[in-house]
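Hi,

Here is the structure I promised to pass on, together with my notes on it. Please have a look when you get a moment.

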Amino acid sequence: MKSFRFVAVLLWAAIGLMAATLLTGVAPAEEPIRIQVTLVWGTNDPKSPDPKHKAIGAALARKLSKSPFRWKNYFEVNRQMVVILPEKEKAGIKMSDNCALDIKNLGDSRIETKLYGKSKLLEIRKDPLPKDWPLILAGNAENDTAWLVVIENVDAAR
Amino acid sequence: MPPVKIMSKYADYTSASDEELVGGAKKGDMGAFEELVARHRDKIYARAFSMMRNEDEAVDLSQEAWVKSWQRLEQFQGESSFGTWVTRIVINLCLDQLRRRKRHRTESIEEMDEESGGVERQMPVVTVNPTERLERGELRKKIEGAMDKLSHEHRTVLVLHEFEEMEYKEIARTMECSIGTVMSRLFYARRKMAALLADLKTETKS
Amino acid sequence: MNQELQLKLQAYLDGELPDGEAAEARELIARDGEAQALVAELANTSAALAGHEAEVKLPETREFYWSKIQREIARQEAPVAVPEPVDSWAGWAWRRWLPVSGVAAALCAAVLLMVLSGNSPAQLAEAELRSDEMGAYTYSDQQEKMTIVWFYDRGNDSQFTPAPAVANIHRE
């Protein structure tokens with residue numbers, strides 16, 4: 001009887017574990033992904049010469065304040081939202097005259113990013129992109145300023 | 001008796017941040033306020049023009065917005081940027097003007113058709129990406145031309161959503177309509193814009 | 001596809017759907033070609049509008065434009081008591097003269113307290129640099145949840161060298 005009870009407990013534990021795995025899981029791989037791409041300009045100047053530039057959102061401002069960057073001010077230059085189907089690439093996301101990206105949805109919240117600077121391919125990279133964990137590509141710009149491309153998975157982020 | 005003009009002992013406002021200038025303006029510093037106007041005047045005028053599509057009206061409404069912002073400075077607590085706050089003022093002034101204008105004119109049949117919806121469902125889906133097809137300057141010009149072809153309700157909802165990045169709820173509050181109406185108008189405006197940018201005919205057959 | 005569904009897809013693109021409905025929209029897009037095409041068109045239109053608003057300049061000089069505003073303010077204002085003199089500029093006046101070095105301001109290696117865990121996105125990343133002129137460093141901050149890739153010009157940005165003690169930086 002004891003061994004029968006033991007086996008029964010094991011069996012229920014296994015079933016419970018399977019159920020827990022299924023319930024907690026992971027988003028199905030075959031889903032589109034909604035990505036927000038923002039081009040940001042970092043500077044110590046209090047204002048941007050371009051009146052169209054806006055202050056960045058509070059959430060991003062907070063993250064950048066905790067980053068190793070010590071620019072005092074960040075301005076949003078351009079922001080776009082794209083929906084990318086699984087295994088498909090959204091090519092030619094133009095953030096400025098000098099900056100563009102191709103982003104591919106690899107599934108499971110992973111993306112492949114191709115970064116172009118002045119029409120030249122700079123890097124191809126594959127990254128997981130969980131929600132609330134932006135990928136920030138950045139570099140120096142003229143006059144001691146910086147460019148930043150912030151890539152965020154915004155699905156279920158609200 | 002005119003209000004006394006306060007001159008700060010620091011005449012150079014150009015290096016001050018907006019926050020510092022607003023602080024000075026709240027204390028009556030006209031020089032600080034004038035610097036704020038100079039910094040943001042193009043943006044405020046541009047927003048008024050995008051909604052009114054008329055230079056003179058846009059100039060008048062933008063100036064009215066500046067006067068109102070001076071009068072209401074104490075209400076600005078930094079919940080948004082100063083430029084955004086004044087933009088909201090000019091948007092509301094434009095909407096008031098458009099509502100006044102609407103009460104005095106008859107809607108065309110085409111506008112009524114747009115309002116009732118359904119037209120956009122007949123339009124074929126545009127598969128060409130305009131940013132790939134057109135040069136920047138050409139695209140800007142096309143967008144401007146297309147904006148002129150929208151009714152003011154559809155143009156407004158597009159401006160508020162695409163350029164001012166307002167959420168549906170805020171647009172509904174600003175335009176004094178339901179969220180459902182915002183969604184329908186935005187859908188129509190986007191679909192018509194897509195067709196216009198792709199040079200597709202958008203007239204409906206009667 | 002009925003209008004309700006079309007508007008739902010639009011709302012999904014705009015981030016206006018609650019999570020449950022957003023998941024339904026994603027499923028629909030994944031399986032339905034018509035839904036895919038519509039969302040693509042809406043997204044392309046938004047992308048076309050973003051950053052391509054006409055650059056319109058005020059057709060009046062600064063002085064002329066301001067003079068009308070100033071006159072209107074004066075006309076509308078009742079006589080007021082003299083406001084207190086402005087005395088707040090000393091605070092910012094000295095700050096503007098603080099020296100600012102571009103690279104030093106941009107990066108402070110001493111405060112790079114990054115913590116990498118085995119599951120950090122940066123450790124799961126793969127990267128291939130395609131430029132001979134550029135180098136790249138990847139930082140990941142698990143506490144603040146962000147991954148930063150810093151691109152530098154190998155020729156000009158040589159002073160950008162993080163402290164060797166910062167072990168959590170991956171050089172590509």
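Let me begin with a hairpin in chain C. S2(C) and S3(C) form it with 4 residues between the strands, and there Lys145(C) takes a positive phi near 55°. Please bear in mind that this is a predicted model.

The two strands of the hairpin run antiparallel and are joined by 8 bridges. One of the facing pairs is Asp141(C), which stands opposite Met146(C) in S3(C). As for S2(C), 6 of its 8 residues are buried, so this strand is largely enclosed by the rest of the structure.

S3(C) also pairs across the chain boundary. Strand S8 of chain A, residues 135-141, is joined to S3(C) by 5 bridges, and this pair runs parallel. Here Gly139(A) has Phe151(C) in S3(C) as its bridge partner.

That brings me to the contact between the two chains. Chain C and chain A put 44 residues each into it. On the chain C side, at least two residues come from each of helix H2 (19-31), H3, helix H6 (102-106), S1, strand S2 (134-141) and strand S3 (146-153). S3(C) supplies the largest share of that side, with 7 residues. By character, the chain C residues that touch chain A divide into 29 nonpolar, 7 polar and 8 charged.

A second place where strands of both chains meet is an open sheet of 5 strands. Its order is S4(A)-S5(A)-S6(A)-S7(A)-S1(C), with antiparallel pairing. Which strands stand at the edges? They are S4 (89-94) of chain A and S1 (126-129) of chain C; each has a single partner strand, so one side of each is left without a neighbour in the sheet. On average, neighbouring strands of this sheet are turned by 15° against each other, direction ignored. The link between the chains is made by S7 of chain A (residues 120-128), which runs antiparallel to S1(C) and is joined to it by 4 bridges. Within that pairing, Glu123(A) stands opposite Leu129(C).

Now to the helices of chain C, and H3(C) in particular. This helix covers residues 33-49, and at 1.5 Å a residue its 17 residues should span 24 Å; the end C-alpha atoms are 24 Å apart, which agrees. H3(C) is mostly covered, with 13 of its 17 residues buried. Just after the helix, Gly51(C) takes a positive phi of about 75°.

Val39(C) is worth a click too. Leaving aside residues up to four places away in sequence, Val39(C) touches Val83(A), Leu9(C), Leu13(C) and Ile29(C). Val39(C) is also among the residues with the most contacts inside the largest nonpolar core, which has 118 residues; others in that group include Val40(A), Ala48(B) and Phe151(C). Helix H2 of chain B (residues 30-52) gives the most to this core, namely 12 residues.

Finally, some figures for chain C as a whole. It has 6 helices and 4 strands, and along the sequence these follow the pattern α-α-α-α-α-α-β-β-β-β. Of its 172 residues, 27% count as buried. Among contacts in chain C with a separation of 6 or more, 51% come from residues 24 or more positions apart.

If you open just one view, I would pick S3(C), with S2(C) joined to it by 8 bridges and S8 of chain A by 5.

Best wishes

Definitions and conventions:
Residues numbered from 1 in each chain as written. Chains lettered and ligands numbered in written order. Predicted model: local features only at pLDDT ≥ 70, side-chain atom pairs only at ≥ 80, totals over all residues. Pairing = 2+ DSSP bridges. Axes fitted to C-alpha atoms, helices over the stretch in contact; angles between N-to-C directions. Expected span 1.5 Å × (residues − 1). Buried ≥ 20, exposed ≤ 12 C-beta atoms within 10 Å, placed from the backbone. Core = buried A, V, L, I, M, F, W, Y, C linked by C-beta atoms within 7 Å. Contact = placed C-beta atoms within 7 Å. Nonpolar A, V, L, I, M, F, W, Y, C, P; charged D, E, K, R; others polar.
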